[in-house]
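Colleague: I would like to learn how to read a structure one feature at a time. Could we go through one together?

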Amino acid sequence: MVTLVFCFSMSSKKERKPSKAQKAKQHEEEKERRVQEDEEAQLQAEREGQERLERERKELELERLELKHRERKQDELNELRHLLEENHYAVTKWRTDAVEKAKWERYMCCDGTPDPAVQQDINTYISLWRDDPEVNITPVLKQCNLALQLVEELEGLLRDVTDPQEGQKYQEALINLLELIHSKYHLTTEEILKRASANIDTETGNMQTVVKDCNITLCLWANLKKNPRFKGLNFKEVSLGFELPKQLAVSDIAVRILHTHYDHLSLLARMGHLKIHTSSQRSLAGGDEVPADIDLPEQGETKEDGDVKDDSETQQQRVDEEVQSIQGLEGRKRAASLQSRKNSPQPAEGQGSQIRTQMEVFGAERDLKSPSVQLTMMDGNERAQLVDLREYTPLGGVFYYNVFRLPPQTHQVNGWEIRQVLDTGLQVFPYPTEKSNLDDNEALTCPPIGVSVMLPESVVFFETPRVACWDAAGKQWRMDSITDVSYEDEEAKISFKMGSFQAFVLVQETYANFPFQSWELRPLGQDSAVFTVNGALIDLSIMIQDPLTEHAAYEQMALFASACAFSWSQWNAKCGVEHLVMQVCEHHGPAPVSKDLWSLYLLGAQRSHKLEITEKSEVFSPDHYPGSEFHSTFIHMLRDNMSTDGIARARESNYLFVDTVQSLLCTTRPLMYS
């Protein structure tokens with residue numbers, strides 16, 4: 001038998017080789033790729049070469065500008081120093097002449113008006129007026145208005161005084177005048193109330209009257225009928241009102257609301273709490289200044305401990321009397337001692353001054369510490385109720401809310417007019433009664449008293465005002481003891497209740513309109529400009545044309561305010577704390593500046609220059625504008641882009657106009673908030 005064996009063999013499929021056409025195509029593609037890579041490499045090398053050349057060109061340009069800047073730096077600083085000193089001298093001379101002219105005019109008037117700078121004159125005036133028996137309201141208010149003018153002059157003298165002893169004299173005269181003014185208000189109030197029964201209102205059976213002048217509004221109500229259903233009264237002509245509890249409605253009392261359009265209680269609060277500046281202030285035109293508010297003895301002056309103690313006790317007694325007189329209250333147990341604010345001596349004559357660029361000044365100002373205020377020991381809750389006069393600002397004057405014992409009234413007997421004469425003067429009616437004299441049930445019968453006030457039209461409140469009462473013992477405003485506060489927005493009327501009769505004031509947050517959104521300083525013509533600030537709540541425009549305005553300075557912007565417009569820049573928030581950015585352009589008319597005319601400038605500590613970017617740029621860049629140069633001062637940088645007419649207009653600016661713009665800018669400091 002034959003067996004057949006079949007063997008099968010499997011082999012792999014043989015790969016195909018590319019054709020000649022395919023090989024040619026691949027070769028061509030490879031060749032093109034190499035050519036493209038060579039071209040890209042060549043272009044990259046050319047770009048790098050161009051960038052290197054551009055960097056070298058810019059470096060050479062910067063070196064040239066730096067060299068030119070260093071060569072003319074001293075000349076520019078000297079020119080700026082000359083302009084500032086020339087303007088400062090003119091303003092100082094004008095102020096000195098104005099003071100001398102005012103003294104001469106006061107002397108020529110021969111009306112008995114004293115010179116508050118002369119202690120003998122002011123003391124004589126106070127003594128004579130204190131002894132004056134006049135109590136009729138019209139002549140007394142005339143004399144009070146004159147005294148208020150003297151108070152303003154004394155405040156100005158206190159701000160500018162350099163001799164601590166002179167400052168002490170001015171402060172004592174100021175306190176004496178304040179005391180006497182309110183003493184006269186009490187005397188006229190008493191005189192009116194003595195004749196209340198002769199001026200009865202036929203509808204109510206009581207007496208109510210309103211007396212107004214430019215500085216005060218006096219509202220008086222005498223309770224003659226003693227109607228137990230009486231709730232309160234609204235003096236419609238002045239939009240002031242009050243509410244009384246039943247026990248006062250049946251008592252022999254008189255209510256007075258005295259609205260003084262000025263605020264001397266806050267002045268006492270600031271004087272009573274010494275402010276201490278721990279860092280020296282600097283000026284663009286000179287070196288360091290000695291701290292202005294530190295209480296230092298005069299050089300060469302020595303005092304024994306006993307003398308110092310006597311002076312302190314005398315001053316404390318004077319302040320106690322002043323506060324009690326102003327508020328019309330008696331029996332206060334204590335009052336904080338008043339410490340005089342003495343200005344430190346000025347730098348010695350001949351001390352060299354050195355012009356400093358803007359950013360050096362700004363940097364120094366950032367280092368200044370906030371003034372500290374001496375506070376008494378108190379818990380956190382009590383401190384929260386105190387009004388910090390740095391955080392809050394009293395507005396609209398002070399409202400003195402008092403209740404007095406009604407003086408004895410006149411009686412007609414057989415054609416004779418008989419009235420009991422008392423030598424006690426105007427007496428305060430005690431309300432509420434001292435708690436030590438009441439049990440718990442009686443204490444509940446002394447409910448709070450109400451008052452309503454229309455917001456004064458002379459001020460603008462950005463938000464609903466808060467109410468603060470005067471603490472005579474601590475010489476400060478407080479926000480406690482105020483309840484049931486309600487505000488009617490349409491009528492701009494605020495109503496509230498207090499536990500006792502006290503002086504009160506309406507306060508508002510000092511920085512409620514911050515932060516500033518934008519600002520602009522624009523010339524309107526020769527020695528005329530408008531300063532606009534767009535705040536968080538309202539916009540404010542101030543037109544500068546009164547040459548008598550006096551303040552301090554933003555020197556170089558003011559020098560060119562007659563010819564250049566200045567405005568905020570969004571890049572000021574991006575340039576870093578060491579620089580400032582603003583928009584500037586030459587502008588001679590009152591019309592608004594077109595957006596495409598503004599140029600950006602960077603102000604630095606050592607130099608300033610024009611920027612290449614605009615407000616519309618996507619990112620901030622400190623690169624300088626091509627073809628522009630570096631300068632040590634702002635004004636020299638501005639001149640590079642100004643016309644001959646614009647430079648002449650700036651050079652011819654009146655020194656008072658320049659000083660006013662400087663003062664306004666320094667007061668608002670818009671660059672710090674943009």
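Modeller: Let us start in a loop. Pro432 sits in the loop between β12 (416–418) and α10 (440–443). Keep in mind that this is a predicted model.

Colleague: What is the peptide bond from Tyr431 to Pro432, cis or trans?

Modeller: The number to read is omega, the angle about the peptide bond. From Tyr431 to Pro432 the bond is cis, and omega is near -10 degrees. A cis bond also leads from Phe514 to Pro515, with omega near 0 degrees. Pro515 belongs to the loop between β18 (503–509) and β19 (518–525).

Colleague: Which residue in the loop between β2 (216–222) and β3 (232–235) should I look at next?

Modeller: Look at Lys226, which is found in that loop. The number to read there is phi, a backbone angle. Lys226 is not a glycine, yet its phi is positive, about 55 degrees. With a relative accessible area of 31%, Lys226 is partly exposed. Ser481 is another residue other than glycine with a positive phi, near 65 degrees. Its place is the loop between β15 (476–478) and β16 (482–488). Ser481 has a relative accessible area of 36%, so it is partly exposed.

Colleague: How do I read a nonpolar core?

Modeller: The general idea comes first. In soluble globular proteins, nonpolar side chains tend to be buried together. In this structure, the largest nonpolar core has 57 residues. Leu177, Ile181, Tyr185 and Trp477 are the ones with the most contacts inside it. Helix α3 (residues 137–160) gives the largest share of this core, 11 residues. Apart from that core lies another, of 35 residues, including Leu244, Ala249, Val467 and Leu506.

Colleague: Which residues does Leu177 touch, leaving out those up to four places away in sequence?

Modeller: Leu177 touches Ile122, Tyr125, Ile126, Ala147, Leu150, Val151 and Leu154.

Colleague: At what angle do the axes of helix α2 and helix α4 cross?

Modeller: To read a helix pair, take the distance between the axes, then the angle, then the residues that meet. The axes of helix α2 (residues 119–131) and helix α4 (residues 164–194) come within 11 Å and cross at roughly 15 degrees. Angles under 35 degrees count as roughly parallel, so α2 is roughly parallel to α4. The crossing of α2 past α4 is left-handed. On the α2 side, the residues that meet α4 are Gln119, Ile122, Tyr125, Ile126, Trp129 and Arg130. On the α4 side, they include Lys169, Ala173, Asn176, Leu177 and Ile181. Leu177 and Ile181 were also among the residues with the most contacts inside the largest nonpolar core.

Colleague: Now for charged residues. How many salt bridges does the structure hold?

Modeller: Side chains of opposite charge can pair when their charged atoms come close. The structure holds 19 salt bridges. In one of them, the side chains of Glu191 and Arg195 meet at 2.5 Å, N to O.

Colleague: Is Glu191 buried or exposed?

Modeller: The cut-off for buried is under 20% relative accessible area. Glu191 has 19%, so it is buried. Arg195, at 38%, is partly exposed.

Colleague: Where else could I practise this reading?

Modeller: Take Arg478 and Asp480, which form a salt bridge with the closest N and O atoms 2.9 Å apart. Arg478 is buried, at 13% relative accessible area, whereas Asp480 is partly exposed, at 26%. Then take Glu520 and Arg522, where the closest N and O atoms of the salt bridge are 3.4 Å apart. Here Glu520 is partly exposed, with 21% relative accessibility, and Arg522 is buried, with 15%. Salt bridges can also share partners: Glu30, Arg33, Arg34 and Glu37 are joined into one network in this way.

Colleague: How far apart are Leu84 and Val658 in sequence and in space?

Modeller: Sequence distance and spatial distance are separate readings. Leu84 and Val658 are 574 residues apart in sequence, and their C-alpha atoms are 9.9 Å apart in space. Leu84 lies in helix α1 (residues 20–109). Its relative accessibility is 6%, so Leu84 counts as buried.

Methods: Residues are numbered from 1 along each chain as its sequence is written. This is a predicted model: local features need pLDDT of at least 70, side-chain atom pairs count only at pLDDT 80 or more; totals for chains, interfaces and linings use all residues. Side-chain values use heavy atoms; hydrogens and water are left out. A nonpolar core is a set of buried Ala, Val, Leu, Ile, Met, Phe, Trp, Tyr and Cys residues joined through side-chain atoms within 4.5 Å. Buried means under 20% relative accessible area, exposed over 50%, partly exposed in between (1.4 Å probe, protein chains only). Helices (H or I, at least four residues) and strands (E, at least two) are DSSP runs, numbered from the N terminus. Contact means heavy atoms within 4.5 Å. A salt bridge is a side-chain nitrogen of Lys or Arg within 4 Å of a carboxyl oxygen of Asp or Glu. Axes are lines fitted to C-alpha atoms, for helices over the stretch in contact, and angles run from 0 to 180 degrees between N-to-C directions. Angles under 35 degrees count as roughly parallel, over 145 as roughly antiparallel, 65 to 115 as roughly perpendicular and the rest as oblique. A crossing is left-handed if the near helix is turned anticlockwise from the far one by less than a right angle, and right-handed if clockwise.
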